[in-house]
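Let's take a friendly look at how a protein holds its ligand. Please keep the sequence and the 3D view side by side as you read.

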Amino acid sequence: MEDRLIPLCSEPEIATRVSALAQAIARDYAQRPPVLVGILKGAFIFLADLVRCLEIPIAGIEFLSLSSYGAGTVSSGEVTMNLGLSAAAVAGKPVIMVEDIVDTGLTTQRAIAYLHSLHPASIALCALLDKPDRRQVPVTIDYLGMTIPDRFVVGYGIDFDQQYRHLPALYTIAPESGGT
Ligand code: IMP
């Protein structure tokens, strides 16, 4: 069965928000080049666009892979670490973690705890989307693209069961089965 995709945020609107985030980061990190750590897989397009808008030097780009969803639209609550990074990549350096969506907050919490163990100089969080309605643990988002209601989102790197990541805009998904 086909899923119904409802437009949430157009390409130009995403570009405007990404550019604003890059400007805010550039203001704060002009004197201390950050390492950007993208959370795979959902943040890969967001991170690629964000760094191309950043008009300051950076100290590196790294990736962490964590998963909590399996094939459904509701977080399993179990966060699995699939890929870490070398301590040398972030130790003593300012880190900006780049996430697609903060939902329950469990992935962010796990990723921040992991990064802390690698002794960076600081950790900030940049997220494209915030779904605060389902938060289970407190999360501070230092750089936020936009807050959205509790809907399942796809496109712009974000998937449903590995589909739709390639779509250049953001959509909410309404499964034919009657979900929201
Ligand atoms: P959390 O651990 O519940 O905060 O979930 C964070 C991760 O779950 C995000 O980085 C996404 O990869 C995924 N996620 C959360 N909401 C959605 C959604 O609406 N669509 C697709 N993936 C989502």
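How far does a polar side-chain atom of Lys131 lie from an oxygen atom of the ligand? The distance is 2.7 Å, within the 3.5 Å allowed for a polar contact, a pair of N or O atoms. This is a predicted model, in which local features need pLDDT of at least 70 and side-chain atom pairs count only at pLDDT 80 or more, while totals for chains, interfaces and linings use all residues. Residues are numbered from 1 along each chain as its sequence is written, and side-chain values use heavy atoms, leaving out hydrogens and water.

**Contacts with the ligand**
- In the side chain of Asp100, an N or O atom is 2.5 Å from an oxygen atom of the ligand.
- Val153 takes part through its backbone: an N or O atom there lies 2.7 Å from a nitrogen atom of the ligand.
- On its own the ligand has 490 Å² of accessible area (Shrake-Rupley method, 1.4 Å probe), and the protein covers 93% of that.

**The shell around the ligand**
- There are 17 residues around the ligand, counted if a heavy atom lies within 4 Å of it.
- Strand E5 (94-102) supplies the largest share, four residues.
- Helix H3 (106-116) supplies at least two residues; helices are DSSP runs of at least four residues and strands of at least two.

**A patch on the surface**
- Ile58, Ile61, Phe63 and Leu83 make a nonpolar surface patch of about 290 Å²; such patches join nonpolar side chains within 5 Å, from residues with over 30% relative accessible area and no salt bridge (a Lys or Arg side-chain nitrogen within 4 Å of an Asp or Glu carboxyl oxygen).
- Ile61 sits in strand E3 (residues 60-67).

Terms used. A polar contact is a pair of N or O atoms within 3.5 Å; within protein, one must be able to donate a hydrogen and the other to accept it, and residues adjacent in sequence count only if both atoms are side-chain atoms. Patches are made of residues with over 30% relative accessible area and no salt bridge: like charges are joined within 9 Å, nonpolar side chains (Val, Leu, Ile, Met, Phe, Trp, Tyr) within 5 Å.
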